[in-house]
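Here's a quick tour in questions and answers for anyone meeting this protein for the first time. Have a look at it, then read on.

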Amino acid sequence: SAQRGFEMGRLVGPPLTESEQAWIAEQRVFFHATAPLSAAHRVNVSPKSANELRVIDACTVAWLDLSGSGAETFAHIAQNGRLTIMLVALTGA
């Protein structure tokens, strides 16, 4: 929201400010995305419930990935270590 200084597509952290950590804790939906190094393969984007998402500290977030095989996500992360998290503010944005 304009009140909190967030706008669409804003990149945050690390480190996350206390305000950003509080905003993340309020969200209910997020997506994680991974991609291989080769352009010949697919990007993997998965919607997730933010009930399992936690801010551990200003430089660490974690979630319990319960659904799906995770094979493509795991393969991408093992290959290049890259992961993007996108939070979706359905309310309180």
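Q: Which residues make the nonpolar surface patch of about 250 Å²?
A: First, a word on the source: this is a predicted model, where local features need pLDDT of at least 70, side-chain atom pairs count only at pLDDT 80 or more, and totals for chains, interfaces and linings use all residues. Residues are numbered from 1 along each chain as its sequence is written, and side-chain values use heavy atoms, with hydrogens and water left out. Patches are made of residues with over 30% relative accessible area and no salt bridge (a side-chain nitrogen of Lys or Arg within 4 Å of a carboxyl oxygen of Asp or Glu), with like charges joined within 9 Å and nonpolar side chains (Val, Leu, Ile, Met, Phe, Trp, Tyr) within 5 Å. Here the patch of about 250 Å² is made by Val61, Ile77, Leu83 and Ile85.

Q: Is Ile85 buried, partly exposed or exposed?
A: Ile85 is found in strand β5. Buried means under 20% relative accessible area, exposed over 50% and partly exposed in between (1.4 Å probe, protein chains only). The relative accessible area of Ile85 is 30%, so this residue is partly exposed.

Q: In what pattern do the helices and strands follow each other along the sequence?
A: Helices (H or I, at least four residues) and strands (E, at least two) are DSSP runs, numbered from the N terminus. The protein has two helices and five strands. Read along the sequence, they give α-β-β-β-β-α-β.

Q: In what order do the three strands of the open sheet come?
A: Two strands pair if DSSP finds at least two bridges between them. Strand β1 (residues 29-34) is joined to β2 by six bridges, and β1 pairs with β5 over five bridges. The edge strands, each pairing on one side only, are β2 (44-49) and β5 (84-88). With antiparallel pairing, the order is β2-β1-β5.

Q: Which residue of β5 does Ala33 stand opposite?
A: Let's take the bridge partners in β2 to begin with: Phe31 has Pro47, and Ala33 has Val45. Over in β5, the residue opposite Ala33 is Thr84.

Q: What angle does the direction of helix α2 make with that of β1?
A: Helix α2 (residues 71-80) packs on the sheet and touches β1 and β2. Axes are lines fitted to C-alpha atoms, for helices over the stretch in contact, and angles run from 0 to 180 degrees between N-to-C directions. For α2 and β1, the angle is about 55°.

Q: Which residues form the uncovered face of β2?
A: Strand β2 has two faces, one covered and one uncovered. Asn44, Ser46 and Lys48 are on the covered face. The uncovered one has Val45, Pro47 and Ser49.

Q: Which residues does Glu72 touch, not counting residues up to four places away in sequence?
A: Glu72 lies in helix α2, and at 30% relative accessibility this residue counts as partly exposed. Contact means heavy atoms within 4.5 Å. Leaving out residues up to four places away in sequence, Glu72 touches Thr34, Arg42 and Asn44.

Q: How many residues are in the hairpin link that joins β3 to β4?
A: Strand β3 (residues 53-57) and strand β4 (residues 60-63) run antiparallel and are joined by four bridges. Within this pair, Val55 has Val61 as its bridge partner. The hairpin goes from β3 to β4 through two residues.

Q: How far apart in space are Ala25 and Val55, C-alpha to C-alpha?
A: Ala25 has its place in helix α1 and is exposed, with a relative accessible area of 54%. Along the sequence, Ala25 and Val55 are 30 residues apart. In space, C-alpha to C-alpha, the distance is 7.3 Å.

Q: How far apart in space are Gly9 and Met86, C-alpha to C-alpha?
A: Gly9 sits in the segment before α1 (18-26). With a relative accessible area of 76%, Gly9 is exposed. Gly9 and Met86 are 77 residues apart in sequence, while their C-alpha distance in space is 8.8 Å.

Q: What percentage of the 93 residues in the protein is made up of buried ones?
A: Let's finish with the whole protein. Residues 24 or more positions apart account for 56% of the contacts with a separation of 6 or more. As for the 93 residues, the buried share is 22%.

Methods: Accessible areas come from the Shrake-Rupley method with a 1.4 Å probe; for residues, only the protein chains shown count as cover.
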